[in-house]
Amino acid sequence: MLQPGLNIGDLFRRNMTQPYVLQRLSERAWWAQSFNYGTVFYVGDQGVLVMDTLEGVYDNITRAIASVTDKPVTAAVYPHYHADRIGDIGKYVDAARREGHELRIIGSAKTAQAMDLSRSSFPRPTDLLDRPRDRFAFEGLTVELHGFEWAAPTDDHAAWLLAEDRSLHSSDLIHPDQRPGVPSVPAVCGRAGRAVRR
């Protein structure tokens, strides 16, 4: 597990030379990055929750997941409505159907509104959360949505706290090899994702 005050070493080179980089955050939470696109996944008793269905790296991210569990991905979060964050959702939906279940997709009502306004072809969230604050349960884990008053890079962007696990996922805020400015908070960072343990 990532210890307080430490970064993942040599992250840029590893992103350019490995299909994925994998780091354990806690007993059940992991951070995976492929070609500078990072996400967090949580391994439950029955299935896996993925915080982003990143565009173009489905095979690498699912290989990272398979390297630590044989459980299927049963739920996914839309952190905000950008194709690079949710672009491979169709592959996760298809995989779930092949395994005999429907994929649970969690997103904010604001994200669903953005999808409707742009006439998006991506599947809509099956579970809608309110902004700026809401929560959902995944196999005994509480995941909290924390919307920003002045959100960036999109107005539906939010931070997602795995409450009991004490891990935070927030997409698109920092770059490889950069840590947040709080020295006492360890972080795993990526161009398109960040996970923080507090």
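How much accessible surface does the protein chain have, and what percentage of it belongs to carbon and sulfur atoms? The surface comes to about 9000 Å², and 50% of it belongs to carbon and sulfur atoms. These values were computed from a predicted model. Its mean pLDDT is 86, and 86% of the residues reach 70 or more. Confidence is not even along the chain: pLDDT stays under 50 over residues 180-198. For that stretch the model has 80 contacts beyond four places in sequence.

The secondary structure comprises five helices and 13 strands. The chain has 198 residues, and 54% of them are buried. Contacts were also sorted by sequence distance. Among those between residues at least 6 apart, 52% join residues at least 24 apart.

The interior was examined next. In soluble globular proteins, nonpolar side chains tend to be buried together. Here the largest nonpolar core holds 29 residues. F41, I89 and L103 touch the most other members. Several elements each supply at least two residues of this core. The strands among them are β2 (29-34), β3 (37-43), β4 (48-50) and β5 (73-77). The helices are α2 (58-66), α4 (89-98) and α5 (109-117). The largest share, five residues, comes from α4. Another core, of 22 residues, lies apart from this one. Its members include V40, V77, L141 and A158.

F41 illustrates the packing of the largest core. Neighbours within four places in sequence are left aside here. F41 is then in contact with L22, R28, A29, W30 and A32. Its further contacts are V48, L49 and V50, along with A64, I65 and V68.

Helix α5 has a buried side. Its buried residues are T111, A112, A114 and M115. Seen down the helix axis, these residues fall within an arc of 160°, so they line one face of α5. They pack against α3 (83-86), β6 (104-108) and β7 (127-129). A109 also belongs to α5. At 34% relative accessibility, A109 counts as partly exposed. Beyond its neighbours within four places in sequence, A109 is in contact with L128 and L129. A109 and L129 are 20 residues apart in sequence, yet their C-alpha atoms are 5.7 Å apart in space.

Strand β6 is flanked by two pairings. β5 and β6 pair in the parallel sense over three bridges. In this pairing, A75 stands opposite R104 of β6. β6 and β7 also run parallel, joined by three bridges. There, S108 has L129 in β7 as its bridge partner. Four of the five residues of β6 are buried, so this strand is largely enclosed by the rest of the structure.

A further buried position is found in strand β9 (residues 141-147), which contains T142. The relative accessibility of T142 is 18%, so T142 counts as buried, the cut-off being under 20%. Leaving aside neighbours within four places in sequence, T142 is in contact with R135 and F136. L161, L162, A163 and E164 are also in contact with T142.

The backbone was then inspected for exceptions. Most residues other than glycine have a negative phi, and most peptide bonds are trans. Which bond leading to P132 departs from this pattern? The peptide bond from R131 to P132 is cis, with omega near 10°. P132 lies in the loop between β7 and β8 (133-138). A cis peptide bond also joins A152 and P153, where omega is about 10°. P153 sits in the loop between β9 and β10 (158-162).

Positive phi values occur at R119 and R166. R119 is not a glycine, but its phi is about 55°. R119 comes just after α5, in the loop between α5 and β7. At 76% relative accessibility, R119 counts as exposed. For R166, also a residue other than glycine, phi is near 60°. R166 lies in the loop between β10 and β11 (167-169). R166 counts as partly exposed, at 44% relative accessibility.

Definitions and conventions: Residues numbered from 1 in each chain as written. Heavy atoms only, no water. Core = buried A, V, L, I, M, F, W, Y, C linked by side-chain atoms within 4.5 Å. Buried < 20%, exposed > 50% of the residue type's maximum accessible area, 1.4 Å probe, protein only. Contact = heavy atoms within 4.5 Å. pLDDT = per-residue confidence, 0-100. Arc of directions from axis to C-beta. Areas by Shrake-Rupley, 256 points an atom, 1.4 Å probe, with all protein chains shown as cover. Pairing = 2+ DSSP bridges.
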